[in-house]
Structures are given as structure tokens and as C-alpha cells.
Amino acid sequence: MINGKKLVALCTSRIYDPQIHGYIVKLNERLKEKDYSLLVFAINSDIYWEEDRQAAEKYVFDLIPYNYIDAVVIMDEKIKSHKIADKIIKKSQKHDVPVVIADGHYDNTTCINFNYAKGFELVCRHIIEDHKISRLHMIAGQPDNEFSNQRIDVFKKVLADNNIDYNDSMISYGYFWADPCRIAVQEILDNSKETGLPEAIICANDVMAITTSEMLMDAGYKVPDDVLIAGFDGYDEIYFTSPKITTASCDIILLADASADAVFEAIDDKKTHNRLITPIFMPNESCGCSEHTENTQILHDWFKESFSRHNDDNRVLKKLTAAMQVSQNIGEMVSHLDCYKTEPLLAVVDRRMFEGEDNYFTDLEDDESPKELVLIYDSDYREDYKEDTFSFPEYDELYNTEDVLSPAFRFRILQLTEAGYPLIFNALDYMAKPLGFVCYYFRDYYISNYTNTMNATNAIGTGIGGYVNIQYQRTLLEKMDEMYRHDPLTGLFNRIGFHHQFKKVCKSKKYLDNEITVIMSDLDGLKFINDHYGHADGDNAIATTAKALMECVPEKSLSARFGGDEIFSVIFEKCDADAVIRKIDKYLEKYNDISGKPYDVSTSCGYIKLKLDDNFDITQAVKDADTSMYAVKKEKYIKKGILRAT
């Protein structure tokens, strides 16, 4: 609880699946009865039970604010990862938060499960006892699977209760999936030439029952006239087959109701309250019974969810992603989130992505320091996130936490729960690295909105990640350009950089027909410094001379070093060149006073003034300035007695 707000976290996947959507709706409505708000932490793909691959989207489960959550519900069969569930359970228990497992088994938690054995027994007894079938076949799941073995045992038990002899030829394995089931059914068809078809085939789940029915009919047999078919689980797809499949439904609404009751009890007394739910037996056309339909709302949602895939969303989201990636700055990138397919949502990211010179997705991939999560977009306040007004919000980093109730945006999250609808959280990721999260705050239960979350989350994550990557590439290019066009010792343009920049100035024609000045500066006594104090001091003297030139020429001048100790500047406006040279001399005098070096740094400067027109030759101008400089240097050396006048 926080600020009087009671919160329950639901951990699940694929919220757009009609079954899971139905569970969320029912659970939320039950929680509202006692003023609880539901926070849904969801992934969008299967992790699988023992798979050890990187799955950045599971970062969403690290964002659960255990300090403020009153209970956690885990849909174990939907997440499909014991590692993830164990991690959530351990963190919950560390914070004394009760955990309810929907359809799974974990120690020290309240486990709500379907009585699969009882449900499968109802199916078997109906086929054998109500339809008086004695020649049967069972297509089980996979060998040595807990659920498959349990259903085989039930099958054997019902056979024994009805005095029907069992033998191993009555069992095939379809591995709970369509393709392996097809192999099993084909073997039954092949063997039927000698032994005949069984009167009925009971499958361990509905996927295999649907597959079996289709293959028999494709082979020219009639269901149920020639063979009765039954399945198990109550998948929505059974209502769209012909004939409709007899099954036992593990009704998601019953699971949601039981989960809500378990949450209330666990919060009240902090004890575990395990429950078993008996699946609902549903005789249907595939065994010769009358048509049966259940959960019309979920079926309606199933249709709407399927239909919603055939719209223009992907095109819109692809354009959004591309626009985000090629944005010139963060404000422009964020402004593209203002789109009807990305609302209503909050976007929260790690601010560190936009700082520093490292590549967030490669250079920092082993960085385990906490993310500095910051809100960068809120659909309700889109006017605050325009390109020309965007800025990162300020907050006290000392109190920032890496969860969805960080003080940086806690007030807003809690405010959104007041509407009475679940908040949906997805992790944002790029290149298998989490970079933040989105929070969808729909003010309805439309499954079409839930369906959109997967594509929207992917588009936003790819857009932000792509932008960060491209910005990093631009930074690298700028560095390479800096190295390519600049002298590393002085920072001045090198020959290539100078000519490139000078051509750009000339193309602009901004200074056409203006007087320009070329000042050439040459370090005095470089050989003496190198010979007596070393080349490091020689380089220091060159760099100091270059800095003196840059500091003393007008701001928009172009300064370059073509090699050695000769540097020059091109001044594109009228100037007093002699005054500039005096400033250079004074700058070096001040440097010598404080440098502590055993030598003085001084320079000889010469200049030439010319008109910048279409016939201007910069190479010749530099040569002429160089000649002027050497005249100055010669005169200086004559005065010092180093040279004799000729």
C-alpha cells in the first residue's frame, strides 16, 4: 500500500490473448470491489520453461515495486519460466508480500490450479460410458511429461472401471502440438487397413483433437459418424471447427475468480490457501452431442482481436519508428510519440542512454548499475513534449528507484489508477538490452487496445534504441571528421580540413569582394628547443604558438597548420594585422612569465592583404604570407646578430 492506495501486481504474458484478456478484466473487477488497483506486468512472447536465452522484455518483472505492493499474482502457465517465477517469489517473500500462483505449483505460495485429472476423467467417462464405446485410442502429449502421464493414468482407470482391457497399442504421442499429432494420426490411418479404425479417439488437448478431426475428414471419414473425437482444455478454437470439439474447459473466468478470492484471503491472514478448480465438461458435436458454446464474450473478443490485425497499424508504427530513429535531437525524437497508435501511455527510459560517449547497447552491455529512469512522454500532456520545449525533468537522484513507483513519476502512476482500469507495463528494449518501460493506461477494456500494445511497444523500443544508436554513430563520425580534418597537436585545421572549410566559405559568397588578411606565424628557435629540451617541449612550443594565434585573431577566422612550426590564419573581414600580431606577442610574453620553462616561446609573423574574388588563389596567398613572414624573421635574426645583413 502507498498513500492509502492498495495495489496488486499481476505477472503474465500476451495480454491480447482473449483468454488472458478475460482473466485481467475479471480479476480487476473483483479487486475493485475492495478498492484494490491492478498493475499488470506483461511480456509479449513465450520465454519457455527452461530456456536460458536473453529475453530483455522480462526486465518488466524487475520493475515490480515490492515495497508498496500488497500481493503478487503469477500466471505461471502463461509466463512459462520457472526461473522468472522463482525470482519474483523470492523478492516478494523478502518484502513479506503474499504470492498467488494461477495454474502452477510453488512452495510457500497460494496455488490455484485446475483439477486436470478430474476434468479429463469427465471426458473419458462421457465417451466410454455415455456413448458406450469400447474400442478406443488415446493421443497423449509427450512421453514422461507430468500432464501427459496423468491423463494416461486417468484413461487407464476409466477403462478398468468399465472392464475394458488396456494395451500399449491404444496410446500414441502427439506431443501436445499439431505436427507431431499428424504423424500419430497417420499411423492410426495406416494401421486401420488391418485393424480398423477405433470407435473413438480421445486427445490430451484440443490442438491435437482439432488436428485429428481434420485429418480423418481429409481421409474421407466422418466425425462423429465413423469416429468420435474428444479433446481437453477448452481452447477458443474449438468453437470455430466443424464439427465443434467435445472437451473439458479450464475456464479462465473461474481461475480469475479464484485468484481474487485467494488474494483477499492471503492479504488478510498472510497464509496460503490452495484451491483446485474442476474444469467444466462440454459435450459437443465431435462426439455426436448437441452444439455447445461457452464464454460468448471471450469469443467475441477473440474475433475482434483477430480482426484488429488487419488494419493500418503496422504501417503507421513503422513510419513512427523511422521518424524517431532519424531525429536530430531528443526533443524531436520524443515529439514523434504523439501518435494515435501510441496512446494513452507513459514512456520511461534510462537517462544514461543520452549521456556520455559510450554506446549504450554494446559498450555498456555488462553494466549492472541501476538505471536512471525518467519520464519522457505522457499522452495526456503531449503539449509538454514538443520538439522545441522538451527537457529532462529534474528530480532528486538520491531518492530514485528502479521500479514503476520511482518518486520521479510515482504521483502520475498512482493518479492513473484512480480511473479503475488496470495499468499495463511492458519493458522497452533494443538489441536485447532493456532501456526502460511503457505504461498503458487504457480507460476501457477494449481488446483491440490490448492487441495494439505489442506492436506499439516494439515500435517505441526500436525507435528510441535506433535513435540512440544513430546519434552514437554521428558522434563517431564527428570524431573521425575531427581527426581527419584537424591537426592533433594544435587542434587547428590540417591541409585537408582547411581547404574543405575554405571552399565552403567561398561557396557562400558571404565575403565576396571583401578584403581578407592572411597572417603567417612561425615559431622561433624550434630546432634549439628540440635539441636542448626534447621534442615534447618542442611540441609544447608549437601548440602554445597555435593557441596564441587562435586567441588573437577574430572569431570567424580560419586557422591551420600545414606542417612543422608554420601556422597561419585567414581573416575574412577588415582588420589591423599589425595589432593582431602585437596581441600574439603579448599573449606569448604572458605565457613566458608564468610557464616556468627554461626557454621563451616567440614567433615571427608576416601577413598579406588581398581581395576575395573569383580569381583568388589561396595557395598563392599562403606562399606570399610565408614570404612576408620570412622577411620579418630575417630582420629579427639580423637584429639579434644571428644573421648578417646582405
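I will talk about three parts of this structure: its cysteines, a strand pairing around S19, and helix H10. Please keep in mind throughout that this is a predicted model.

Let me begin with the cysteines. The structure holds 0 disulfides. Cysteine 287 is in no disulfide, and the nearest cysteine sulfur, which belongs to cysteine 289, lies 3.5 Å away; since a disulfide is counted here when two cysteine sulfur atoms are within 2.5 Å, that pair does not qualify. Cysteine 287 is also buried, with a relative accessible area of 2%. Cysteine 552, likewise, is in no disulfide, and for this residue the nearest cysteine sulfur is that of cysteine 605, at 9.2 Å. Cysteine 552 counts as buried too, at 7% relative accessibility.

Now to the strands, where I would like to start from S19, which covers residues 566–571. How many of the 6 residues of S19 are buried? The count is 5, so this strand is largely enclosed by the rest of the structure. Two pairings involve S19, and I will take them in turn. With strand S17, residues 515–523, S19 pairs in the antiparallel sense over 6 bridges, and within this pairing isoleucine 567 in S19 is the bridge partner of serine 521. With strand S18, residues 558–563, S19 again pairs in the antiparallel sense, here over 5 bridges, and phenylalanine 568 in S19 is the bridge partner of alanine 560. S18 and S19 form a hairpin with 2 residues between them, and in that turn glycine 564 has a positive phi of about 60°.

As a general reminder, the side chains of a regular strand alternate between the two faces of the sheet.

Finally, helix H10, which runs over residues 313–325. H10 has 13 residues and reaches 18 Å from its first C-alpha to its last, close to the 18 Å expected at 1.5 Å a residue. Which residues of H10 are buried? They are Asp313, Val316, Leu317, Leu320, Thr321, Met324 and Gln325. These residues cover an arc of only 165° around the axis, and therefore they sit on the same side of H10. The general background is that an α-helix has 3.6 residues a turn, so residues three or four places apart point the same way. On the face of H10 turned away from its buried side, we find the exposed residues Lys318 and Lys319. As for what covers the buried residues of H10, this includes helix H11, residues 330–335, and helix H13, residues 447–485.

Definitions and conventions. Residues numbered from 1 in each chain as written. Predicted model: local features only at pLDDT ≥ 70, side-chain atom pairs only at ≥ 80, totals over all residues. Heavy atoms only, no water. Buried < 20%, exposed > 50% of the residue type's maximum accessible area, 1.4 Å probe, protein only. Helix = DSSP H or I, 4+ residues; strand = E, 2+ residues; numbered from the N terminus. Pairing = 2+ DSSP bridges. Expected span 1.5 Å × (residues − 1). Arc of directions from axis to C-beta. Contact = heavy atoms within 4.5 Å.
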